Amino acid sequence: MEQNNLFDEVLELPNPDVQQQFNDLVGLDNAKGLLLKEGRLLLNPDLLSKWSQKFHKVTLPCVEGFQKRPPLILFSGDVGTGKTALANSFGDPIARSENIPIRVLRLSLITGGRGAVGEMTHLISRAFDEVETLANKGFTPGKKPRSAVIFIIDEADSLAESRDVEQMHHEDKA
């Protein structure tokens, strides 16, 4: 895996420093609780099916809808509200509760490249391929995951802004 070229930082969870970072996030209790629930359900969607069967004796359509959604959580908000710290650290309590290792990969902003046509698309595609390969190693259909991956693209809008917009190919702008 070419992590050194594509990723700024690789965190292995659980990690006591990251656990402390998560615990130090104050004023975000509702967001943290919701994020942990959604993270666990994305990691193990059978939990929601079991809940539905237990309380409704059937798998509800909303459960099926949740299970078909992409495993994506998008953070947005004002500068300084804790988005990056939360994205970096919410995997720690999940790693602890599920008793599995979780790797956090942060896309390098240097990945923007030199500005060649299609280069941005190629580099981001490579990063997604690396993440998918790593994530698939911890997953066997029908079984509890053995590991998980959190892929962070922080300040995604700045990936394109770091290059001269006028010189960019239309696919890179998109």
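These legends walk through a set of views of one predicted protein model.

**View 1. The whole protein, with its ten helices and three strands.** Welcome to the predicted model, seen here in full before we zoom in. Along the sequence, the helices and strands come in the order α-β-α-α-α-α-α-α-β-α-β-α-α. The protein has 174 residues, and 36% of them are buried. Its accessible surface comes to about 10,800 Å², and carbon and sulfur atoms account for 54% of that area. If we take the contacts between residues at least 6 apart in sequence, 73% of them join residues at least 24 apart.

**View 2. Helix H3 crosses helix H7.** A pair of packed helices is described by the angle between the two axes and by the distance between them. Here the pair is H3, residues 29-43, and H7, residues 91-98; their axes come within 10 Å and cross at roughly 55 degrees. H3 and H7 are therefore oblique to each other, and their crossing is right-handed. To find the contact, look on H3 for Leu36, Gly39, Arg40 and Leu43, which meet Pro93, Ile94, Ser97 and Glu98 of H7. Sorted by class, this contact of H3 with H7 holds four nonpolar, two polar and two charged residues.

**View 3. Helix H2 also packs against H7.** Stay with H7 and turn to another partner, H2, which spans residues 16-24. The axes of H2 and H7 lie 8 Å apart, at an angle of about 120 degrees. That angle makes H2 oblique to H7. From H2, the contact is made by Pro16, Val18, Gln19 and Phe22, while H7 brings Asp92, Pro93 and Arg96. In the contact of H2 with H7, four residues are nonpolar, one is polar and two are charged. Pro93 is worth finding in both views, as it takes part in the contact with H3 and in the contact with H2.

**View 4. A cis peptide bond leads into Pro14.** Most peptide bonds are trans. The bond from Leu13 to Pro14, however, is cis, with omega near 5 degrees. You can find Pro14 in the loop between strand E1, residues 7-13, and H2.

**View 5. Lys83 and the residues around it.** Lys83 belongs to helix H6, which covers residues 83-89. With a relative accessible area of 23%, Lys83 is partly exposed. Leaving aside residues up to four places away in sequence, Lys83 touches Phe75, Ser76, Gly77 and Asp78. Look for Asp154 as well: Lys83 and Asp154 are 71 residues apart in sequence, and their C-alpha atoms are 9.1 Å apart in space.

**View 6. Lys57 has a positive phi.** Most residues other than glycine have a negative phi. Lys57 is not a glycine, yet its phi is near 60 degrees. Lys57 sits in the loop that runs between helix H4, residues 46-56, and helix H5, residues 61-68. Its relative accessibility is 66%, so Lys57 counts as exposed.

**View 7. Asn99 has a positive phi too.** This view returns to H7, whose neighbouring loop, between H7 and strand E2 (102-107), holds Asn99. The phi of Asn99 is about 55 degrees, although Asn99 is not a glycine. Asn99 is exposed, and its relative accessible area is 69%.

Definitions and conventions. Residues numbered from 1 in each chain as written. Predicted model: local features only at pLDDT ≥ 70, side-chain atom pairs only at ≥ 80, totals over all residues. Heavy atoms only, no water. Helix = DSSP H or I, 4+ residues; strand = E, 2+ residues; numbered from the N terminus. Buried < 20%, exposed > 50% of the residue type's maximum accessible area, 1.4 Å probe, protein only. Contact = heavy atoms within 4.5 Å. Areas by Shrake-Rupley, 256 points an atom, 1.4 Å probe, with all protein chains shown as cover. Axes fitted to C-alpha atoms, helices over the stretch in contact; angles between N-to-C directions. Parallel < 35°, antiparallel > 145°, perpendicular 65-115°, else oblique. Left-handed = near helix turned anticlockwise from the far one by under 90°. Nonpolar A, V, L, I, M, F, W, Y, C, P; charged D, E, K, R; others polar.
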